[in-house]
Amino acid sequence: MKGSLNSQFGFLDFDTGFGSGLCDTSLDAEIGVRGSRSQLMGAWRGHSSARGGGTGAGAAPYTAVMSSIADLRKSYERAELDESASHSDPLAQFDQWLKEAISAQVPEPNAMTLATVGSDLRPSTRVVLIKGYDTQGIVWYTNFESRKGQELAANPFAALQFHWVELERVVRIEGQVEKVSDSEADAYFASRPLDSRIGAWASPQSQVISGRGVLVANAAKYAAQFLLNPPRPPHWGGYRLRPDNWQFWQGRKSRLHDRLQYRLEGGSGGAWLRQRLAP
Ligand SMILES: Cc1cc2nc3c(=O)[nH]c(=O)nc-3n(C[C@H](O)[C@H](O)[C@H](O)COP(=O)(O)O)c2cc1C
């Protein structure tokens, strides 16, 4: 079916060739109109076909996006996550999924969202790159004086999340965070490209700066000072999150997703209890 949505804000063509499944049907009734994926994405980029009484650029495309964004959804049908086919050890499950994300060539499979909560009890998130994982935990590197660094100093509990969109998978990991040893951080720092090592000196991460020139000037200054061998800055190093809770989410059809949680029972050295959570 083809049709159009003509509102005070513009004129957006649509057809019904987008999405399928139980939830789609119920939301059709609720929303009343559905856009094709390409048209929705066009609207998303601010290039919807605004014409005929619309205001063109400015408010019109944006409002068209707002009326259609609630209609963006997909049916997850790629895979399953079953108790009988999953590992009893969450680290082994994570290892398998991360390797599958890497071989599937999803964009930035090593990028994870890190959530922290400081002494003001306000959660904050940002993306960091995983740099190691083993039975001890999950490691990333950053500036200890950044917002995340300050929040972890006040409250060492954190959460990590990977979202591998193309695989319809999410991994969530919670636990307590500690700094990695100086020798471990030194070894990793030495392995970084030179511009990244200079960058660790040049960027007062999370602080307000007067302009980009500050970074450029700092980089030039430290490059001249350290030449080819910048040492690891004292304010820069690694954190390791020791998981006590893992969750693996696999999207399934009709919003009946698979979720397996692994909870550490009996503290460190205890056993993992695997349970299914309702989606
Ligand atoms: C894909 C990606 C990877 C990133 N990796 C890191 C990282 O490993 N370490 C880091 O400190 N910041 C990394 N960043 C920048 C952070 O997301 C963030 O801007 C920065 O750490 C400051 O966060 P904060 O002010 O909340 O502490 C990355 C950003 C992106 C988009």
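Which residues of helix α7 are buried? That was my opening entry for this predicted model. I looked along α7, which spans residues 194–202, and noted Arg197, Ile198, Ala200, Trp201 and Ala202 as its buried residues.

Next I asked what covers the buried residues of α7. I found that the cover includes α6 (182–191), α8 (212–226) and β9 (236–250).

Then I turned to the ligand. I noted 16 residues surrounding the ligand, and the closest are Thr142, Ser146, Arg147, Lys148 and Ser206. Which element gives the most to this shell? I traced that to β4, which supplies five residues. I also wrote down that β4 (123–129), β6 (137–143) and α5 (147–154) each bring at least two residues to the shell. Sorting the shell residues by character, I got six nonpolar, six polar and four charged.

My last entries are about backbone angles. Leucine 227 caught my eye: its phi is near 50 degrees, a positive value in a residue other than glycine. I placed leucine 227 in the loop between α8 and β9. Is leucine 227 buried or exposed? I put leucine 227 down as exposed, because 9 other C-beta atoms lie within 10 Å and 12 or fewer counts as exposed.

Serine 254 also has a positive phi, near 60 degrees, and is a residue other than glycine. I found serine 254 in the loop between β9 and β10 (258–265). Serine 254 has 14 C-beta neighbours inside 10 Å, so I entered serine 254 as partly exposed.

Methods: Residues are numbered from 1 along each chain as its sequence is written. This is a predicted model: local features need pLDDT of at least 70, side-chain atom pairs count only at pLDDT 80 or more; totals for chains, interfaces and linings use all residues. A residue is buried if 20 or more other C-beta atoms lie within 10 Å of its own, exposed if 12 or fewer, and partly exposed in between; C-beta atoms are placed from the backbone. Helices (H or I, at least four residues) and strands (E, at least two) are DSSP runs, numbered from the N terminus. Two residues are in contact if their C-beta atoms, placed from the backbone, lie within 7 Å. A residue is near a molecule or strand if its C-beta atom, placed from the backbone, lies within 6 Å of it. Ala, Val, Leu, Ile, Met, Phe, Trp, Tyr, Cys and Pro count as nonpolar, Asp, Glu, Lys and Arg as charged, and the others, Gly among them, as polar.
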